[in-house]
Every structure is written in C-alpha cells, then in structure tokens.
Amino acid sequence: VLNNKQFVRGQKHGFHLVDPSPWPIISAFSALMLTFGAVGYFHSYQNGGFLLSFGFFMLLFSMFGWWRGVVGEGTFEGQ
C-alpha cells in the first residue's frame with residue numbers, strides 16, 4: 001500500500017529499482033581471472049602469477065567501485 005508521500009515523490013510502486021550497473025559483470029570477470037590465475041600459478045604456468053595478482057587487484061577495484069556506488073546511492077539518491 002502506497003501512501004501519499006510516495007506518490008508526490010513520483011514513486012509508483014512499493015519497492016526500490018536500481019539503475020543498471022557494470023560492476024556485476026566486472027566482478028564476475030575478475031573472479032574468473034583470479035581463478036584461472038590461481039590454477040595457472042599452482043600448476044607453474046608461465047603467466048599464472050601475473051594473472052592471479054591482476055585478477056585479485058581487479059576484484060578489489062570492482063569491490064571498491066561497487067560499494068562506492070551503493071553508498072552514494074544510499075546517501076544521495078536514496079528514497
């Protein structure tokens with residue numbers, strides 16, 4: 001059930017819809033690189049260590065970016 005304040009703000013439903021985000025696909029690709037890098041490193045492949053560290057840092061980057069968006073949305077764009 002919606003109250004009058006929600007209609008005034010332009011909200012036409014009782015739940016929050018977020019904008020599309022690139023972070024889930026970036027995080028998934030980073031986790032895949034991390035996994036392939038770990039397997040390559042454990043099997044002593046030539047660039048396994050590089051792929052492991054690159055995947056790890058990309059995963060940290062995507063976590064930082066995703067949470068920055070979540071905090072910004074909750075602080076400035078929240079409903």
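1. Serine 62 and its contacts. Leaving aside residues up to four places away in sequence, serine 62 touches Trp23, Ile26 and Ser27. Serine 62 itself belongs to helix α3. Its relative accessibility is 0%, and serine 62 therefore counts as buried, the cut-off being under 20%. The model discussed here is a predicted one, and the values below should be read accordingly.

2. Overall architecture. The chain contains three helices and zero strands. Followed along the sequence, these elements give the pattern α-α-α. Of the 79 residues in the chain, 19% are buried. Among contacts between residues at least 6 apart in sequence, 54% join residues at least 24 apart.

3. Helix α3. This helix runs over residues 48-76. What length would be expected of the 29 residues of α3, at 1.5 Å a residue? The expected span is 42 Å, and the end C-alpha atoms of α3 are 41 Å apart, so the two values agree. The buried residues in α3 are Gly48, Gly55, Leu59, Ser62, Gly65 and Gly72. As general background, an α-helix has 3.6 residues a turn, so residues three or four places apart point the same way. The cover over the buried residues of α3 includes α2.

4. Serine 30, seen from helix α2. The contacts of serine 62 were described from the side of α3; serine 30 offers a view from helix α2, where it lies. Serine 30 touches Gly55, Met58 and Leu59, again not counting residues up to four places away in sequence. Two of these partners, Gly55 and Leu59, appear among the buried residues of α3. Is serine 30 buried or exposed? With a relative accessibility of 1%, serine 30 counts as buried.

5. Glycine 65 and methionine 63. Glycine 65 is placed in helix α3, and it is buried, with a relative accessible area of 3%. The C-alpha atoms of glycine 65 and tryptophan 23 are separated by 7.4 Å, although the two residues are 42 residues apart along the chain. Methionine 63 also lies in helix α3, but at 44% relative accessibility it counts as partly exposed. Between the C-alpha atoms of methionine 63 and isoleucine 26, which are 37 residues apart along the chain, the separation is 9.6 Å.

6. Aromatic pairs. How many aromatic pairs does a search of the whole structure find? The search finds four. One of them joins tryptophan 23 and phenylalanine 61 in an edge-to-face arrangement, with 5.6 Å centre to centre and 70° between the planes. This pair links distant parts of the chain, since tryptophan 23 is in helix α2 and phenylalanine 61 is in helix α3, 38 residues apart. The two partners differ in exposure: tryptophan 23 is buried, with a relative accessible area of 14%, whereas phenylalanine 61, at 45% relative accessibility, counts as partly exposed. Tyrosine 41 and phenylalanine 42 form another aromatic pair, which is tilted, with 6.1 Å centre to centre and 55° between the planes. Phenylalanine 42 is exposed, with a relative accessible area of 64%.

7. Serine 44, a point for inspection. Serine 44 lies in the loop between α2 and α3. Its phi is near 60°, a positive value in a residue other than glycine. In general, most residues other than glycine have a negative phi. Serine 44 is exposed, with a relative accessible area of 64%.

8. The largest pocket. About 270 Å³ of space lies in the largest pocket. The pocket is lined by 13 residues, and those closest to its centre are Asp19, Ser21, Gly69, Val70 and Glu73. Helices α2 (23-42) and α3 (48-76) are the elements that give two or more residues to this lining. Which element supplies the largest share of the lining? The largest share comes from α3, which contributes six residues. By class, the lining has six nonpolar, four polar and three charged residues.

9. Summary of the α2 and α3 relationship. Several of the points above concern this one pair of helices. From α3, serine 62 touches Trp23, Ile26 and Ser27; from α2, serine 30 touches Gly55, Met58 and Leu59. The edge-to-face pair of tryptophan 23 and phenylalanine 61 links helix α2 with helix α3. Both helices also give two or more residues to the lining of the largest pocket.

Definitions and conventions: Residues numbered from 1 in each chain as written. Predicted model: local features only at pLDDT ≥ 70, side-chain atom pairs only at ≥ 80, totals over all residues. Heavy atoms only, no water. 1 Å grid on protein atoms, 1.4 Å probe; cavity = no way out; pocket = protein on both sides within 12 Å on 5 of 7 lines; lining within 4 Å. Points joined across faces, edges and corners; volume = space filled by probe spheres on them. Helix = DSSP H or I, 4+ residues; strand = E, 2+ residues; numbered from the N terminus. Nonpolar A, V, L, I, M, F, W, Y, C, P; charged D, E, K, R; others polar. Expected span 1.5 Å × (residues − 1). Buried < 20%, exposed > 50% of the residue type's maximum accessible area, 1.4 Å probe, protein only. Contact = heavy atoms within 4.5 Å. Phe/Tyr/Trp six-rings, centres within 6.5 Å; stacked < 30°, edge-to-face > 60°.
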